[in-house]
Amino acid sequence: MRIITWNVNGYRSCEKTNSIKELIQKNNPDIICLQEIKMNHPVLNEYGYHCYYNFAEKKGYSGTMVFTKEMPLSVKKNMDLNRLDQEGRFLLLEYEKFILINIYIPHGGRKKENHPYKFAVINQLLKLIKKLDKNVIICTDFNIAHKEIDVKNYKTNYNNNMFSYEERAKIDELLSLGIVDSFRVLEEKGDIYSMWPNGFNARERNMGWRIDYIFITNTLEKNIKSVKYIKEQMGSDHCPYIVEVEI
């Protein structure tokens, strides 16, 4: 099974450049989880997939979306957090053998002004995972880089949003629940990122952050066959991340 996660930073702009079509044609994924779709109505071209949306109440903001070849047993859109639910940041699809979660964690704010909200969302996710009784796959823009090798300029970012000690500890807490960072199962080297800030030729200079993940239950760890951040795929300030795993 091939699974892709991607913060598209606006689905319609990716459609105009054929980025979604290109991604599907090159990789033939079974599931695609998209974050920050920034739209409020279903798209017309679903590329032969079943498609599920969670739109934000605010127009042109946030939102999540899942393309899937296999129809799920059920779909859930709420986490029982008012602001999160209003922003369409969560989708849970249950299948026979696993549960797929697509979640767009809040940024937190440059001055950490939204950290209470960000931590409330992560804590709610942790509570949910503890209750689930199937293998779990979490596709996410987590808006936190976990280790020093996940940030180009880590020395100047220890106390900054997306790399503070408190935020990174939340990923440690997630992993303590029997979850693994699928990329780090097969790849140990640094200088591989998923998001590059706009300006300063950051992408060309590879001045990036690895904040997009597919977390997987550790019972599936040995089933992970390949992992890749598709840096060459344009269309967003993030790049897609693909995992191939036997389920």
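**Exercise 1. Which residues of helix 2 (residues 19-27) are buried?**

Solution. This is a predicted model, where local features need pLDDT of at least 70, side-chain atom pairs count only at pLDDT 80 or more, and totals for chains, interfaces and linings use all residues. Residues are numbered from 1 along each chain as its sequence is written, and side-chain values use heavy atoms, without hydrogens and water.

- Step 1. Helices are DSSP runs of H or I with at least four residues, strands are runs of E with at least two, and both are numbered from the N terminus.
- Step 2. Buried means under 20% relative accessible area, exposed over 50%, partly exposed in between (1.4 Å probe, protein chains only).
- Step 3. Ser-19, Ile-20, Leu-23, Ile-24 and Asn-27 are buried.
- Step 4. Down the axis of helix 2, these buried residues fall within an arc of 135 degrees, so they line one face. The arc is taken from the directions from the helix axis to the C-beta atoms.
- Step 5. On the other side, Gln-25 and Lys-26 are exposed.

**Exercise 2. Find what the buried residues of helix 2 pack against.**

Solution.

- Step 1. Contact means heavy atoms within 4.5 Å.
- Step 2. The partners are strand 1 (2-7), helix 1 (11-16), strand 2 (31-35), strand 4 (64-68) and strand 12 (241-245).
- Step 3. Move just past helix 2: Asn-28 takes a positive phi of about 45 degrees.

**Exercise 3. Classify two aromatic pairs.**

Solution.

- Step 1. Rings of Phe, Tyr and Trp (its six-membered ring) pair if their centres lie within 6.5 Å; planes under 30 degrees apart count as stacked, over 60 as edge-to-face and the rest as tilted.
- Step 2. The whole structure holds 14 aromatic pairs.
- Step 3. Tyr-95 and Phe-98 are stacked, at 4.7 Å centre to centre with 15 degrees between the planes. Tyr-95 has 2% relative accessibility, so it counts as buried. Phe-98 also has 2% and is buried.
- Step 4. Phe-183 and Tyr-229 have ring centres 4.9 Å apart and planes at 70 degrees, so this pair is edge-to-face.
- Step 5. Phe-183 lies in helix 6 (residues 182-186) and Tyr-229 in strand 11 (residues 224-229), so the pair ties together parts 46 residues apart in sequence. Phe-183 and Tyr-229 are both buried.

**Exercise 4. Which residues form one aromatic cluster with Tyr-11?**

Solution. Tyr-47, Tyr-49 and Phe-67 join Tyr-11 in one aromatic cluster.
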